Amino acid sequence: MTGRAPVSAAPAVRVEHLAVVRGRTRAVDDVSFELDAGTLVGLLGPSGCGKTTLMRSLVGTQVVSSGTVTLLGEPAGSPRLRDRVGYVTQVPSVYGDLTVRENLSYFATILGASSEAVERVLADVDLCDHAASMVGRLSGGERARVSLATALLGSPSLLVLDEPTVGLDPLLRRSLWSLFHRLAAAGTTLLVSSHVMDEAERCERLLLMRHGRILADTSPAGLLSSTASEDFESAFVALIEGDVLGKRGVPAAGEERP
Amino acid sequence: MIWRRMRATAGRVLRQLRHDPRTVALLVAVPAVLMGLLAWILRGRSHDFDTFGPQLLGIFPLIVMFLVTSVATLRERTGGTLERLLTMPMRKADFVLGYAIAFGLAAIVQALVVSGLCFGPYGMTVRGEAWLVVVVAVLDALLGTALGLSVSALATTEFQAVQFMPAFILPQLLLSGIIVPRPELPTVLHWVSYLLPMSYAVDATQQLSTHAAVTTQFLMDVIVVGGFLVAALALGATTLRRRTP
Ligand SMILES: Nc1ncnc2c1ncn2[C@@H]1O[C@H](COP(=O)(O)OP(=O)(O)OP(=O)(O)O)[C@@H](O)[C@H]1O
Ligand SMILES: [Mg+2]
């Protein structure tokens, strides 16, 4: 793509040479990428590859070793981003000793969101029937949805979701992904992590991570064609084997990125 | 309203307490029973309960609130809710003061019930104003909350948090003048006792026990305890980290 100047202003997310050392591991190792506003991007990779660490660096809760992260034109962690970025942690972070509605009302007040927002997100995550239940007595998947609903309260411009669909049944997963697509269509940028490769096909763009590095930055179709695979799981295996053997990497197929 | 988030936090903590009626019952019943036990132990020993009663009336709430707050805030730290709040437009002061208000209200209920029992059925008397004993008890409970908030930053598990009670509170208790009057302590310990908030908390109730009028020393004690309270809250706020390794 040549006409880069007049397109949209700044990217929603710009990460440059980010490195994070946690304990003795380089959890994120020289990672750079940009996300355009209004895109739905999947961050996929095996357990321990650094997805959570990368996401924490984006939302500004992670002490980083080097590199820069810019969201919506502001440095990560800037106070001006606090009501514009929504983050769902991998482990649901809501109060188990409050009801679903009490949790949402509290976080809505903190975010300055209205009480209609509470009803809206309850419907979004299909928890209207459980609004009066204690969160501590919900199932794991229900609790995860309360945590997700909390991040949707403030209608943020950027949503960082750490494995939001883990442990959910296929129907619910489908309805959440269609919600993510609706949000992206309305201009929200979403970065969604998963270690279930099947979820790759639901994203517009994929960042594949391994050992703290971005192995490939591609589209679902591009990933399949460049690895000559039928499904995403074997595509990822092929990618890793290629990485191990020749360090050749995979061309950023399908996408018009440089 | 600027303090909207602080009030919401206080309301949320109180709602959590309401969903846990057993904790609320313990909060009130434990000091009530302990004071009753003390009254029984000291029955017939002339004015002993009038001496020890008011002092312990301030110390029990401090200990209870210290424990409750340090466990509550540790849960927020380890459960990810604190991290989530700090990625939202939440000031650290909103969080700390929200907790102080919620547990302060709980402390008022606790102090009213327990001192009602002490001055009523247990037969405790003080020369000074009884309501000032209640004020000091609430102030001590708030101090316990503030100390619990800052100390919980040092703990990474609930086991550790619970151990901080004997580590931080019992030495203060030993040096506060309850066991040996502070001027009779070994010189170094006497100096150290000046640095500990509980010395002033205990002295304030002693002043109320022994003087009919409000003494300047009582006022000084209250001001110093208030100063420790503000300092501990500020320290608690600085222990809240938006970025962690
Ligand atoms: N608090 C920590 N202290 C030290 N090392 C850590 C810490 N948290 C994570 N790590 C290490 O950093 C690396 C990346 O962890 P991270 O949680 O980012 O992985 P992940 O891709 O999110 O994995 P998963 O899919 O299992 O959630 C791992 O090797 C992990 O052991
Ligand atoms: Mg993770």
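**Ligand 1, the magnesium ion and the nonpolar cores**

In this predicted model, a polar side-chain atom of A:Thr53 sits 2.5 Å from an oxygen atom of ligand 1; a polar contact here is a pair of N or O atoms within 3.5 Å. An N or O atom in the side chain of A:Gln90 comes to 2.8 Å from a ligand 1 oxygen, and a polar backbone atom of A:Gly50 is 3.0 Å from an oxygen of ligand 1. On its own, ligand 1 exposes 630 Å², and the protein buries 65% of that (Shrake-Rupley areas, 1.4 Å probe).

A:Gln90 turns up again at the magnesium ion (ligand 2): its OE1 and the OG1 of A:Thr52 are the protein donors, 1.9 to 2.1 Å away. Donors are N, O and S atoms within 2.8 Å of the metal (3.2 Å for Na, K and Ca), and water is not among the atoms, so sites may look incomplete. The two donor residues are 38 residues apart. A:Thr52 is partly exposed at 23% relative accessible area, and A:Gln90 is partly exposed at 40% (buried is under 20%, exposed over 50%, partly exposed in between; 1.4 Å probe, protein chains only).

As for packing, the largest nonpolar core (buried Ala, Val, Leu, Ile, Met, Phe, Trp, Tyr and Cys joined through side-chain atoms within 4.5 Å) has 122 residues, with A:Leu153 and B:Phe95 among those with the most contacts inside it. A second, separate core has 27 residues, including A:Val20 and A:Phe33.

Local features need pLDDT of at least 70 and side-chain atom pairs 80 or more, while totals for chains, interfaces and linings use all residues. Side-chain values use heavy atoms, without hydrogens or water, residues are numbered from 1 along each chain as its sequence is written, and chains are lettered from A and ligands numbered from 1 in the order in which they are written.

Key:
Helices (H or I, at least four residues) and strands (E, at least two) are DSSP runs, numbered from the N terminus. A polar contact is a pair of N or O atoms within 3.5 Å; within protein, one must be able to donate a hydrogen and the other to accept it, and residues adjacent in sequence count only if both atoms are side-chain atoms.
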